[in-house]
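Biologist: I'd like to go through this fold with you before I head back to the bench. Can we take it piece by piece?

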Amino acid sequence: REIEELRALLAHVFFRQGKLARAWKFIEGDTGVNVENIRGNIWLLRGNLEIAFAHFNLALQIKSNSHNAAERALPVAWMLKQWKRGQELTDLMDIHEGNRLQLQALAAAFAVQMNDFPAAAKRLERLNRAEESSIALDRV
């Protein structure tokens, strides 16, 4: 287990240095949330959104609250027109993020893309209420 973590850490260092082939070699045959995120990042750099998205989703299967995987998968979901999955990812990130207003707006946009206008309206109403309450707090 420790060796796998060390290999993932070394792969991350090589990835950050732009040495993608070396990074890939260190994670070959391994699995885990960090390994899948690194694989997804490498595929993103290679321009293969579908495979990158699959790796980020696999990372989320391994660790359902992986902030890194959700954060990377969210824009890819939009680019791949994976509206339902994108909406799920906004809900997952809403647990962690301080920018809930932006996530509510994004969730509404995903709902609009699915032609789920009642869900979009509900998200936008929440967004409006939150915005109004923050404005009221600013005035105090």
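What follows is a short chat about cores, a helix pair and two single residues.

Biologist: Which helix gives the largest share of the largest nonpolar core?

Modeller: Keep in mind that this is a predicted model. Its largest nonpolar core has 18 residues, with Phe-53, Leu-60, Ala-70, Ala-73, Leu-74, Leu-89 and Met-93 making the most contacts inside it. Four helices, α4 (49-62), α5 (67-79), α6 (83-94) and α7 (100-113), each put in at least two residues. The largest share of this core, six residues, is from α5.

Biologist: And which residues does Leu-89 contact, leaving aside neighbours within four places in sequence?

Modeller: Leu-89 is among the core residues with the most contacts inside the core. Skipping those neighbours within four places, its partners are Phe-53, Leu-60, Ala-70, Ala-73, Leu-74 and Ala-77.

Biologist: How many residues are in the other core?

Modeller: That one lies apart from the largest core. Its members include Phe-14, Leu-20, Val-35 and Ile-38, and the count is ten residues.

Biologist: Are α1 and α3 roughly parallel or roughly antiparallel?

Modeller: The axes of α1 (residues 2-16) and α3 (residues 33-45) come within 10 Å and cross at roughly 20°. Angles under 35 degrees count as roughly parallel. So α1 and α3 are roughly parallel.

Biologist: What residue classes make up the contact of α1 with α3?

Modeller: The crossing of α1 past α3 is left-handed. On the α1 side you have Ala-8, Ala-11, His-12 and Phe-15, and on the α3 side Asn-34, Val-35, Ile-38, Asn-41, Ile-42 and Leu-45. Sorted by class, that contact comes to seven nonpolar, three polar and no charged residues.

Biologist: Is Thr-90 buried or exposed?

Modeller: Thr-90 sits in helix α6. Not counting residues up to four places away in sequence, Thr-90 touches Leu-74, Leu-103, Leu-106, Ala-107 and Phe-110. Its relative accessible area is 2%, and the cut-off is under 20%, so Thr-90 is buried.

Biologist: What is the C-alpha to C-alpha distance between Thr-90 and Leu-103?

Modeller: Leu-103 is one of the residues that Thr-90 touches. The two are 13 residues apart in sequence, and in space, C-alpha to C-alpha, they are apart by 5.8 Å.

Biologist: Last one: how does Ala-54 count by relative accessibility?

Modeller: Ala-54 belongs to helix α4. Exposed would need over 50% and buried under 20%. At 45% relative accessibility, Ala-54 therefore counts as partly exposed.

Methods
Residues are numbered from 1 along each chain as its sequence is written. This is a predicted model: local features need pLDDT of at least 70, side-chain atom pairs count only at pLDDT 80 or more; totals for chains, interfaces and linings use all residues. Side-chain values use heavy atoms; hydrogens and water are left out. A nonpolar core is a set of buried Ala, Val, Leu, Ile, Met, Phe, Trp, Tyr and Cys residues joined through side-chain atoms within 4.5 Å. Buried means under 20% relative accessible area, exposed over 50%, partly exposed in between (1.4 Å probe, protein chains only). Contact means heavy atoms within 4.5 Å. Axes are lines fitted to C-alpha atoms, for helices over the stretch in contact, and angles run from 0 to 180 degrees between N-to-C directions. Angles under 35 degrees count as roughly parallel, over 145 as roughly antiparallel, 65 to 115 as roughly perpendicular and the rest as oblique. A crossing is left-handed if the near helix is turned anticlockwise from the far one by less than a right angle, and right-handed if clockwise. Ala, Val, Leu, Ile, Met, Phe, Trp, Tyr, Cys and Pro count as nonpolar, Asp, Glu, Lys and Arg as charged, and the others, Gly among them, as polar.
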